[in-house]
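Trainee: Before I use this model, I would like to ask what stands behind the terms applied to it. Could we take them one by one, setting each value against its cut-off?

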Amino acid sequence: MTRIELTVDGARVSDDVEPRMLLVQYLREKLGKTGTVIGCDTSNCGACTVHLDGRSVKSCNVLAVQANGHEVTTIEGLAQDGQLHKVQEAFHECHALQCGFCTPGMIMQSVDLLNDNPNPSEEEIRLGLEGNLCRCTGYHNIVRAVQTAAGGTTTGGAQ
Amino acid sequence: MTATQDAATVDKEIGRDRRRKEDQRLITGRTRWTDNITLPGMLHLAMVRSPFAHARITSVDTSEAKQAPNVVAVYSGADLDESAGSLINAWPITPDQVTPVHPPMAKDRATFAGEIVACVVARSAAEARDAAELIDVDYEELPAALDLKEAAEDKVLAHPDLGTNKSALWVFDSAEAGTGGDVEEAIAKARTDGIVIEREYRQQRLIPAFMEPRSVVVDPTGEQLTMWSATQIPHILRFALAATTGVPESKIRVIAPDVGGGFGGKLQVTPEEWVAWWVARQLHKPVKYTETRSESLMAGHHGRDQWQRLTLSAEKDGTVTAFKVDLLADLGSYVSLVGGGIPVLGAFMFNSIYKFPAYHWQVQTVLTNKTWTDAYRGAGRPEATYAVERMMDELATEVGVDPLEIREKNWIKHEEFPFTTVAGLEYDSGHYEAATEKAKEHFGYDELRAEQERRRESNDSVQLGIGVSTFTEMCGLAPSRVLGSLDYGAGGWEHASVRMLATGKVEVVVGVSPHGQGHETAFSQIVADRLGVPWEDVEILHGDTQISHKGLDTYGSRSLVVGGEALVRAADKVVEKAKPYAAHMLEANPDDIEFKDGRLGVKGTDQSVAITEIATAAFASHDYPEDIEPGIDAEATFDPVNFNYPHGTHLCAVEVDTETGRVKLRKYTCVDDVGTVINPLIVEGQVHGGLVQGIAQALWEEAVHDDSGTLVSASFVDYLVPTAADTISFDVDHNSTASTTNTLGTKGVGEAGTIASTPAVVNAVVDAVRSFGVSDIQMPCTPERVWKAIHARDAGGADPTTGGAAPHFDESTGQEGQTDRTAGAADGPATNPGTEGAGQ
């Protein structure tokens, strides 16, 4: 067991973990951060994407011990003061999710993409999300959502 | 309670692009996936799976595993008793169907690579997996039935004790059924004075690949045993548990919490569920099992996997005279829940939107030593649409006309509805001409054809192809009597209830069970309109058999067209039950009460009362008419009288790099008729996702096995679920004609995109390279296959007169003309000398 201390969604946490424990397992099993999910074994699907010191990582591809001393943000910590992040809002507005299983990772990756490139072209969005799989939406509305978040506007519609 | 204000103009909810109620929890991570559930004292399961496609299990040594840290129990197939039950097949398609017994865990013999042979129960999932590595299973490998065609010849038996791999032969013949003419006569006539096109197509094996791996939690504590499962079918699951494990149905509660996609892949009763159920009952402790992605791809059921032998006859002008369909369908090693019924769902659809006068359809279902197959988005109907739409393109080429022209010559005209097809179905509505016209316009069909011509003339290394698919499907499963006539083990009705709560809120319970479809949003819209209550005040409950006590779950594009209609009827009953209350409260005659925009009023007066006020009054029941039962809650069960038949015209343009074989999507336009649209946002989303799954079959996805029967595409590294970078934005529109088989006029939309898009893409790819003499490329159309097709007649290429050269099903010519199009076969793809060099 190894002692780790880190910040997750703004809270300081400290635990003894097995050296082999993945960050995603730590988040889900130790911290109950079940908003972050596991979709594959090979780091292809991106469902477990979180931010490590502000950059997106696939948390199935990071050991919990590697997060020691760092800051992790999950989908559960993205909204601030009860205000949804603009990417979360855009996903809702543009119907960019159906079953919602890929959504946490997709949103976290989209936030990272926009941090890097605030005004991406459609192609840049598609390439930027290539590491995240979605089986429901055909990506059409996910691309719209990222464009909408980039534009900072939402269009029409109730709720 | 007298209405002093005029009823405000109520905005109609139906047709409005409401943002989804479901989203809030999903975009913030406040989700309840099955794998998120943790119960006190919960134990974890790990499975040991056969690495061999077919092997005798000679011994299972669990001693070391039992000593591993925090291991509670280890079981092998030999430990299971009768209470473990077995996995059922609910649709024996013929009375003499050969159906192997399917135990939850193999005891003596493993029948596919991935079958469970032992399991470990431990205090953590990691410890269970560690210990599973310590189980020593001795196998004696047996010859495996792997190739579908060879299996159909019983060369190697998947189950030696059964004596055959042939499970069932199911036949429909229009002459015998009295729905059309004799196929053989028509074909014989066409051989002398018409056109006969014979082709053989492969529907490769696919994997549903829902994003949430399957997971199950069983809690045996308490009076009712509870199972949470990532399933599409909580009600059917409960029935099957009761039917096979000896636990009374009334003691079983099944909950489908948030479910992360299904696409038919979670329309199953699974060995994993049965093992977890049995283990929890042995240990009297909650148990969880969550599969890894590799396990999911290996052992969750697969879809498609057919060989299609097709014969189309026509007059010289392209008027089709007969269509004969002969299928081999791979069941895998067990007949799954719906199993052999999946190809049969296509039996009535190969004639599609066309007025074929004669039709013969048959399927031989075949057992092999591969993963079992069952429903995958479209289930039988994509296979049908692919076959007929590819054949119509071949016919167009033969006749020398545009593929849309040959379709129009043969399709049902809009004034001919309702139309009884040669397969015996009555299509209620549709307008193929209008959808096609609209699609052509959006697509810029003529301009793209002109560009194609320019590229051909200039021998551009990048050729443009245009593919057409004018599809229809039957959905809204299903009229119970029809299912009965097909020997299906259940009905096709659906149930809903509406509870009018004292506080004015409306609680709706539905028997359908969503996993991404947006039922909570769309059903709220229906109820809001029907009862005149705010959309926000409607709550939709589902997926828990203790709350939703009656239902048949979600598959086959049925939730809206069957479940939605049950909902409409339940809501209408609420209004009827409210009328005597209103009459009593307003001191009027019940016959004079009319309902409008959420209020019940006395005709010709301004006296009215809101239905929510009546709900409050009914809750108190201090004062109500003497001759009625208190309360206005209502429920309804709806059994459809017919399927419904969405249709659409899909047009796809691809660019094919003839030097590399790479296919690039250029444009995709579809105009679908899904009847009345409840929520356009949700409908478009369903179409987008459906399109990509169908396109993925055309271009990328295939479950590939090696020579020993191991699935080599058992991770997302090798099973190519498309990414955002592989796909394009779509041009989606509608041309609605109302269905006449339900009150709302809706038609199913869940499967439409997938059913339609596959042939549109392959037709486009073939169209791009037809000038090279290519008439078929096996799916998925990988760069390698496309390149080989283009170069099939180069030095060293295949002889263009063999392969798909017609006719090759004729007894006299034997089968030597067949091209082996299985993956890895050395031969090139089929070419058709009849259309050699024929550009359009």
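Mentor: Let us begin with a helix pair in what is a predicted model: helix α11 (residues 381–399) of chain B and helix α20 (residues 752–769) of chain B pack at an angle of about 30°, and their axes are 8 Å apart.

Trainee: What handedness does the crossing of α11(B) and α20(B) have, and which residues in the two helices meet?

Mentor: The crossing in which α11(B) passes α20(B) is right-handed. From α11(B) come B:Arg381, B:Pro382, B:Thr385, B:Tyr386, B:Glu389, B:Arg390 and B:Asp393, and they meet B:Thr754, B:Ile755, B:Ala756, B:Thr758, B:Pro759, B:Val762 and B:Asn763 in α20(B). By class, the residues of this contact divide into six nonpolar, four polar and four charged.

Trainee: Why is B:Tyr555 called buried?

Mentor: A residue is buried if 20 or more other C-beta atoms lie within 10 Å of its own. B:Tyr555 has 25 other C-beta atoms within 10 Å, and therefore it is called buried. This residue lies in the loop between β21 (538–541) and α17 (559–586) of chain B.

Trainee: Which residues does B:Tyr555 touch, if those up to four places away in sequence are not counted?

Mentor: B:Tyr555 touches B:Gln232, B:Gly264, B:Leu267, B:Ala375 and B:Leu477. In addition, the C-alpha atoms of B:Tyr555 and B:Gly262 are separated by 8.9 Å, while the two residues are 293 residues apart along the chain.

Trainee: Turning to chain A, what makes A:Ser43 partly exposed, and what makes A:His95 buried?

Mentor: The count for A:Ser43 is 16 other C-beta atoms within 10 Å, and a residue is partly exposed if its count falls between the limits of 12 or fewer for exposed and 20 or more for buried, so A:Ser43 is partly exposed. For A:His95 the count is 28 other C-beta atoms within 10 Å, so this residue is buried.

Trainee: What is the sign of phi in A:Ser43 and in A:His95, and where do the two residues lie?

Mentor: A:Ser43 has a positive phi of about 55° although it is not a glycine, and it is placed in the loop between α1 (23–30) and β3 (49–52) of chain A. Phi of A:His95 is likewise positive, near 50°, in a residue other than glycine, and A:His95 is found in the loop between α2 (86–93) and α3 (103–116) of chain A.

Trainee: How do you know that strands β1 and β2 of chain A pair?

Mentor: Two strands pair if DSSP finds at least two bridges between them. Strand β1 (residues 2–8) of chain A and strand β2 (residues 11–17) of chain A have seven bridges, in the antiparallel sense, so the condition is met. One of the bridge partners is A:Val17 in β2(A), which belongs to A:Thr2. The hairpin of β1(A) and β2(A) has two residues between the strands, and A:Asp9 takes a positive phi near 50° there.

Trainee: How many bridges join β1(A) to strand β5 of chain A, and do they run parallel or antiparallel?

Mentor: Two bridges join β1(A) to strand β5 (residues 71–73) of chain A, and the strands run parallel; since the cut-off is at least two bridges, these strands pair as well, so the term holds. A:Val8 stands opposite A:Val72 in β5(A).

Trainee: Why are β4 and β6 of chain B called edge strands?

Mentor: The open sheet has three strands in the order β4-β2-β6 (chain B), with antiparallel pairing. Both β4 (109–110) and β6 (136–141) of chain B pair on one side only, and these are the edge strands. Six bridges join strand β2 (residues 55–61) of chain B to β6(B), and B:Val60 stands opposite B:Val137 in β6(B).

Trainee: Which peptide bonds before proline are cis, for example from B:Phe417 or from B:Met779?

Mentor: The bond from B:Phe417 to B:Pro418 is cis, with omega near -10°, and a cis peptide bond also joins B:Met779 and B:Pro780, where omega is about -10°.

Trainee: Finally, where in chain A does pLDDT stay under 50?

Mentor: It stays under 50 over residues 153–159 of chain A, for which the model has 12 contacts beyond four places in sequence, whereas chain A averages a pLDDT of 95.

Methods
Residues are numbered from 1 along each chain as its sequence is written. Chains are lettered from A and ligands numbered from 1 in the order in which they are written. This is a predicted model: local features need pLDDT of at least 70, side-chain atom pairs count only at pLDDT 80 or more; totals for chains, interfaces and linings use all residues. Helices (H or I, at least four residues) and strands (E, at least two) are DSSP runs, numbered from the N terminus. pLDDT is the predictor's confidence in each residue, from 0 to 100. Two residues are in contact if their C-beta atoms, placed from the backbone, lie within 7 Å. Axes are lines fitted to C-alpha atoms, for helices over the stretch in contact, and angles run from 0 to 180 degrees between N-to-C directions. A crossing is left-handed if the near helix is turned anticlockwise from the far one by less than a right angle, and right-handed if clockwise. Ala, Val, Leu, Ile, Met, Phe, Trp, Tyr, Cys and Pro count as nonpolar, Asp, Glu, Lys and Arg as charged, and the others, Gly among them, as polar.
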